[in-house]
Amino acid sequence: MSESQSGRAPSGQPYRAPPPRKRPAWRTALWIVGALLVAALVAFLLTPHGQPAGGPGGAAAGGRGGGRGGGGGGGAGRRPPTVVGVATAALGDIPIDVTALGTVTPQANVTVQSQISGTLTGVFFQEGQTVRKGQLLAQVDERPYQVALMQAQGQLLRDQAALDGARVDLNRFKTLAAQDSIARQQLDDQAATVRQDEGVVKSDQASIASAKLNITYCHIVAPVPGRVGLRQIDPGNYITPSEPNGLVVVNEVDPITVIFALPEDSIPQIAVRMASQHSLPTTAYDRTGTTVLAQGVLYTLDNQINTSTGTVNGRARFSNPSATLFPNQFVNVTVLVDTLKNVVTIPAVAIRHGPQGDFVYVIQDDSTVKVTPVKVGPAQGETASITSGLAVGDQVVTEGGDRLSDGSRVVLPQDAARMAAMMNRKPKATGILGWIEGLFGHKDQSESSAASYSGAGGAGGRGGGGAGRMQAMLATLNLTADQQTKIKAIFADARTKAQAAGDDMDARRSIMQDANTQVEALLTPDQKVKFEAARAQARAAGGYGGGGGASPSGAPAAAAAPEAAQGATPDSSAPTSSAPHGRHAHGQAESGQPAASASPSANAGPPGGGPGGGGHGHFMDALGLSPAQQAQAQAIMAEARASSDPDARHAAMQKIQAILTPEQKAKLAAMRAAREGGGGSQ
């Protein structure tokens, strides 16, 4: 205890120190919260905000490659591309038809009635049977009518005899009257008697015919061909002509008709077509409208419009041998009124509607979309015709258009997998974690690869951009004006595709290789030699390898690589994406020695990887090795790397030369000559 705290109090009591003061817990918590807020604020201020998302090539390429030469990656503020569905406008035929709901009606619907009264003695049909016209259906007891026939025949014989006697008397009276032996009145009376007897005979003959007809009616036959329904009366019943349900109903179902209502607005067009063709093709569908039941023709319209519905009834006839159409069945009917030939057609889902009318998104050559107003014609199902606004071959957006606007960048379906791979990358840390990673110099390998490939720190950063490299290439090859125009278009297209490929290095390299192949197809033999020599020199100088491809900015490696070798500063801290087997961008091997001295044949470039980090992958691309040759070369190089023999690499080169074709050997010799002429490793 200190002196000030010892001794006694004035009262004589021993002195006691006051108890230590305790800090309140709320004050401690307040300090902790304050410290956290300050740390969060510092992290927020140190974290970059508002950086452009950019397209493929992104902020890294745009920040470095576009600094001086303007040849970097995507533009600031550009929205990420949208994956869309695509369809191509093509020529096609669009049918103009009218659809209506119809009812199947038999060609004839007959209720079979007995025309006489009598006992039904027999029925000779089965319910649901198809019968022909005149086929016997039922039998009525005909015996009473046979008796009536016999009576009529007997009456006829009696009256015929009286007639014959009257005619004999008439002839006799005519002779006597000629001799003036009888009165004239007697002759006239006899003539009248003869006529009366003739009338009686006629009546008897009619009675006989009636009796025979009744006997015929006793045999009930089918009045029309068709299908019989259910039997209404059983044998043994006494039937009369006034039966309410008749004996049975017969429907003529082949052919069969459909009656349906057509809108009055379609009448003029239908009437004109029917006047020239007399009938219009008609199709009957089931209730769902998906299954075709029958094909027929519309052959007539009613003679007046129903004022309550504004429609007119039409009747179409259909062949119905398999009875797919059933009487009183409801069907969907489609009448083909006309057909538009060779019109521009697109899927109907591609058509969108705005305040100014209908429009579509047309995909441009640079993978952007353009809002194009169109006039829509008749449609058939999911296909619509376009009367103006589109040309054959135009690509339109069918899916994903809700997220687009004029000038939006899109990704085609064939590139969707590549974009999906980009989206599945490990996200870069942001906020405080990103700041900490930045302090320790951590850099994502994929970002580094994308930056180096996109020309951010290489040919695009210091070499004047894509335009400067393109001019250098054109000046080197002495291209004609036509060649220059075509080559610029090729690399402009390649640049767009490379941006869409994003960080997919294999895809970007393949795109640029395709571009160089197209360029070579435009060159003359002399220009091809210069082009190959420039590419070999570029790889020998340690510039952009890419397997002999063009730089992503659009210029071929023949012009881009020398500029990169002269202007770029090697980064020894991180390997590039195109330097396999541990080689760095500045051309040193794993042992730390320059790649040019790694083996006696290092100046050949391919086996040792060569300056510039091209590696044997670039060597294979430059020589155009087949897959089988590539596999053999890789096996040879793997064996050489595993061997401790200092001459293993030289022997590997000899083995690789043995599997080359004469043309590939010539390319290899040119590459060696170019490297030796350029001074080897720089």
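1. Contacts and overall make-up. Of the contacts in this protein with a separation of 6 or more, 71% are between residues 24 or more positions apart. Please keep in mind as you read that the model is predicted. The protein has 682 residues, and 38% of them are buried. Its secondary structure comprises 18 helices and 21 strands.

2. A salt bridge between a helix and a strand. Nine salt bridges turn up in the structure, and one of them pairs R273 with D338, with 3.9 Å between the closest N and O atoms. R273 belongs to helix α5 (residues 267–277) and D338 to strand β14 (residues 330–347), so this pair ties together parts that are 65 residues apart in sequence. R273 is partly exposed, at 25% relative accessible area, and D338 is partly exposed too, at 26%. If you apply the cut-off for a salt bridge strictly, note that the pair counts because its 3.9 Å falls within 4 Å.

3. Two further salt bridges. D141 and R143 form a salt bridge with their closest N and O atoms 2.9 Å apart. Is each partner buried or exposed? D141 is buried, with a relative accessible area of 19%, while R143 is exposed at 60%. D141 earns its label because buried means under 20%. Another salt bridge joins the side chains of R231 and D234, at 3.0 Å from N to O. Here R231 is partly exposed at 31% relative accessibility, and D234 is partly exposed at 41%.

4. A four-stranded sheet. You will find an open sheet with the strand order β7-β6-β4-β9 and antiparallel pairing. Its edge strands, each pairing on one side only, are β7 (219–221) and β9 (238–239). Strand β6 (residues 136–140) runs antiparallel to β7 and is joined to β7 by three bridges. As a handy place to look, Q139 stands opposite H219 in β7.

5. Strand β11 and its partners. Strands β11 (residues 280–285) and β12 (residues 292–301) run antiparallel, with six bridges between them. T283 has Q295 in β12 as its bridge partner. The hairpin of these two strands has six residues between them, and G289 there takes a positive phi near 80°. β11 also runs antiparallel to β14, with four bridges joining the two. On that side, A284 is partnered by V333 in β14. β14 is also the strand that holds D338 from the salt bridge in point 2.

6. Rings. How many aromatic pairs does a search of the whole structure find? The search finds one. The ring centres of F359 and Y361 are 5.6 Å apart and the planes stand at 85°, so the pair is edge-to-face. Both F359 and Y361 are buried. A charge also meets a ring elsewhere: the charged end of R317 sits over the ring of Y299, 4.0 Å from the ring centre.

7. T368 and its surroundings. T368 lies in the loop between β16 (357–363) and β17 (369–373). With 12% relative accessibility, T368 is buried. The side chains of T368 and D366 share a polar contact of 2.6 Å. Leaving aside residues up to four places away in sequence, T368 touches V362, I363, G407, S408 and R409.

8. Backbone points to check by eye. Where is the cis peptide bond between D254 and P255, with omega about 5°? P255 is located in strand β10 (residues 248–263). Two residues other than glycine also deserve a look. A323 has a positive phi, near 60°, and is found in the loop between β13 (311–318) and β14. A323 is partly exposed, at 43% relative accessibility. N342 has a positive phi as well, near 50°, but N342 sits in strand β14. At 58% relative accessibility, N342 is exposed.

Methods: Residues are numbered from 1 along each chain as its sequence is written. This is a predicted model: local features need pLDDT of at least 70, side-chain atom pairs count only at pLDDT 80 or more; totals for chains, interfaces and linings use all residues. Side-chain values use heavy atoms; hydrogens and water are left out. Buried means under 20% relative accessible area, exposed over 50%, partly exposed in between (1.4 Å probe, protein chains only). Two strands pair if DSSP finds at least two bridges between them. Rings of Phe, Tyr and Trp (its six-membered ring) pair if their centres lie within 6.5 Å; planes under 30 degrees apart count as stacked, over 60 as edge-to-face and the rest as tilted. A charge sits over a ring if NZ of Lys or CZ of Arg is within 6 Å of the ring centre and within 35 degrees of the ring normal. A polar contact is a pair of N or O atoms within 3.5 Å; within protein, one must be able to donate a hydrogen and the other to accept it, and residues adjacent in sequence count only if both atoms are side-chain atoms. Contact means heavy atoms within 4.5 Å.
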